[in-house]
Amino acid sequence: MRAEGRQTVRRILCVFPRYTSSFGTFEYSYPLTDGVQAFMPPQGLLLIAAYMPENWEVRFIDENIRAATPNDFLWAEAVLVSGMHIQRTQMNDICYRAHSYDLPVAIGGPSVSSCPDYYPAFDYLHIGELGDATDQLIDILEKDTSRPDQQVVLKTTDRLDMTRFPIPAYELADIPRYFLGSIQYSSGCPYQCEFCDIPGLYGRNPRLKSPEQITAELDKLLECGIMGSVYFVDDNFIGNRKAALDLLPHLVEWQKRTGFVLRLSCEATLNIAKRPEILSLMREAWFGTIFCGIETPDPVALKAMKKDHNMMVPIMEAIETLNSFGMEVVSGIILGLDTDKPETGQHLLEFVETSQIPLLTINLLQALPQTPLWDRLKKEGRLNEDEGRDSNVDFLLPYEDVVKSWRRAMGSAYVPEKLLERFEYQIRHTYPNRIKPPIGAMLTWKSIRLGLVMLRNIFWKVGVLGDYKRAFWKFALRRLARGEIEYLISGIMVAHHLINFARDASGGQTNASYYSLKLQDAAVPAE
């Protein structure tokens with residue numbers, strides 16, 4: 001559904017902010033593609049765009065692809081912005097630019113919902129999910145698009161049922177310019193990990209879309225030009241295990257109907273390894289990657305952070321189980337925990353080698369508002385709001401030692417030879433366990449052309465101009481000899497970003513926490 005039509009027609013400009021460079025945005029890989037410029041379509045802002053009254057004109061701009069121009073602001077009557085903490089500076093910059101045209105600016109999304117005080121210059125704060133606050137904002141803008149005398153805070157108390165969500169306005173976005181497609185199935189997570197703000201923001205009882213909604217959204221993504229992969233951005237794909245079992249047969253049938261044109265991936269708790277009936281259906285639906293918040297291989301630390309569910313199956317056994325269903329594991333890892341010891345960084349590197357996980361998002365602990373961690377550290381007087389730091393946590397180990405340990409881990413884990421050996425392991429031990437989709441349906445002229453373009457870019461920019469040529473050609477020649485062209489492309493696409501970003505990280509050119517308040521971009525002028 002969408003908001004009811006209004007008598008007054010408005011022009012709404014939705015602007016998604018540029019990302020600060022981070023481990024998970026994959027910008028180093030874009031030059032190897034055929035014109036990719038951004039990571040994933042932003043679900044939240046495209047959902048709001050689709051919810052606007054049908055008779056309102058809506059324009060969407062992702063500043064990761066192109067910046068909003070003076071003509072865009074001159075066209076608009078109001079501006080909507082959404083984003084995460086890592087985009088804080090850029091969101092404030094959009095507000096500053098919009099105000100120079102005397103436009104009212106509303107901000108929604110996870111960052112403002114968690115920390116409204118970060119955004120004092122915005123005219124409207126939309127706190128919470130799609131619901132009555134959204135309708136209130138639409139009502140206000142219908143009556144008057146002049147800027148209010150003081151900031152207006154709108155809080156959702158009645159959330160729109162997810163079964164009534166419209167399909168995000170993918171048609172407004174330049175979908176072929178994205179590295180991955182994105183889709184949201186549920187909101188909320190039943191677990192209460194100490195560091196996580198999801199239960200505080202979205203609740204512990206996952207709310208769900210219907211299977212029919214999901215397949216319709218996948219159809220829309222295909223229609224708008226997505227190729228390759230689609231990521232389920234849910235906080236926990238198995239937050240409601242019964243619902244996941246209900247959804248998966250629909251995904252299997254959708255893949256058969258469309259010829260397995262998209263590989264799927266998701267995020268789930270590691271205890272999914274105890275559910276072979278779910279994993280079997282995921283395999284049939286062609287899930288190839290699963291992100292698990294392993295956080296640490298230390299059971300003492302897992303218990304302290306209330307992540308006991310990671311110990312329901314021994315971690316290495318769980319990883320091997322997921323690999324046996326053809327799913328490559330991506331892992332979240334945290335350094336700076338209270339249980340860390342001086343040797344924790346070295347133990348992490350040993351875990352990387354043992355697990356053979358290629359991609360691990362190694363991150364410094366950050367205390368987020370609306371989390372048990374924030375509440376505990378505040379009571380202990382261990383929250384540090386110095387924005388020149390990489391974390392707001394006063395660690396029990398010396399701060400500089402923790403940061404150095406992170407930089408060493410990044411520098412060592414993503415040495416080209418080591419990383420490509422881990423991909424080699426996945427090719428030998430994990431990928432053969434995947435189903436074999438019909439080749440004819442996948443080998444379209446469009447996909448062949450895309451593959452040739454990417455191969456050309458990879459051979460030239462990595463194999464000829466790159467600075468890890470020896471490791472690259474050792475990996476590439478094996479793939480060519482075995483006819484594993486897809487694995488050559490997919491492996492190098494990911495590895496190239498990890499190698500280059502890790503070099504930046506180990507050299508001190510990036511934040512050690514992706515939630516850090518340390519602002520790397522130029523300061524935004526105050527209003």
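At 25% relative accessibility, Arg376 counts as partly exposed; that label covers the range between buried (under 20% relative accessible area) and exposed (over 50%), using a 1.4 Å probe and protein chains only. Its salt-bridge partner is Glu380, which is partly exposed too, at 41%.

Some ground rules before going on. This is a predicted model, where local features need pLDDT of at least 70, side-chain atom pairs count only at pLDDT 80 or more, and totals for chains, interfaces and linings use all residues. Residues are numbered from 1 along each chain as its sequence is written, and side-chain values use heavy atoms, with hydrogens and water left out.

**Salt bridges**

A salt bridge here is a side-chain nitrogen of Lys or Arg within 4 Å of a carboxyl oxygen of Asp or Glu. By that rule you get 35 of them. Three pairs sit inside helices, which are DSSP runs (H or I, at least four residues; strands are E, at least two) numbered from the N terminus:

| Pair | Closest N to O | Helix |
|---|---|---|
| Asp93 and Arg97 | 3.1 Å | helix 3 (residues 88-99) |
| Glu253 and Lys256 | 3.8 Å | helix 8 (residues 241-258) |
| Arg376 and Glu380 | 3.3 Å | helix 13 (residues 372-380) |

Glu253 and Lys256 are three residues apart in helix 8, so about one helical turn separates them. Arg376 and Glu380 are four apart in helix 13, again about one turn. As for exposure, Asp93 is partly exposed at 26%, and Glu253 is partly exposed at 49%. There's also a network of salt bridges linking Glu424, Arg428, Arg478, Arg479, Arg482 and Glu484.

**Around strand 11**

Strand 11 (residues 262-267) is mostly covered, with five of its six residues buried. It pairs in parallel with strand 10 (residues 228-232) over four bridges; pairing takes at least two DSSP bridges between two strands. Val230 has Leu264 as its bridge partner. The chain gets from strand 10 to strand 11 through helix 8, in a right-handed β-α-β crossover, meaning the path over the helix runs clockwise when the strands point away from the viewer.

Strand 12 (residues 287-295) also runs parallel to strand 11, joined by four bridges, and Glu267 stands opposite Phe291. Helix 9 (residues 276-284) completes a right-handed β-α-β unit with strands 11 and 12.

**The nonpolar core**

Nonpolar cores are sets of buried Ala, Val, Leu, Ile, Met, Phe, Trp, Tyr and Cys residues joined through side-chain atoms within 4.5 Å. The largest has 149 residues, and Phe232, Phe237, Met282, Phe287 and Ile362 touch the most other members. Helix 19 (residues 485-506) supplies the largest share, twelve residues.
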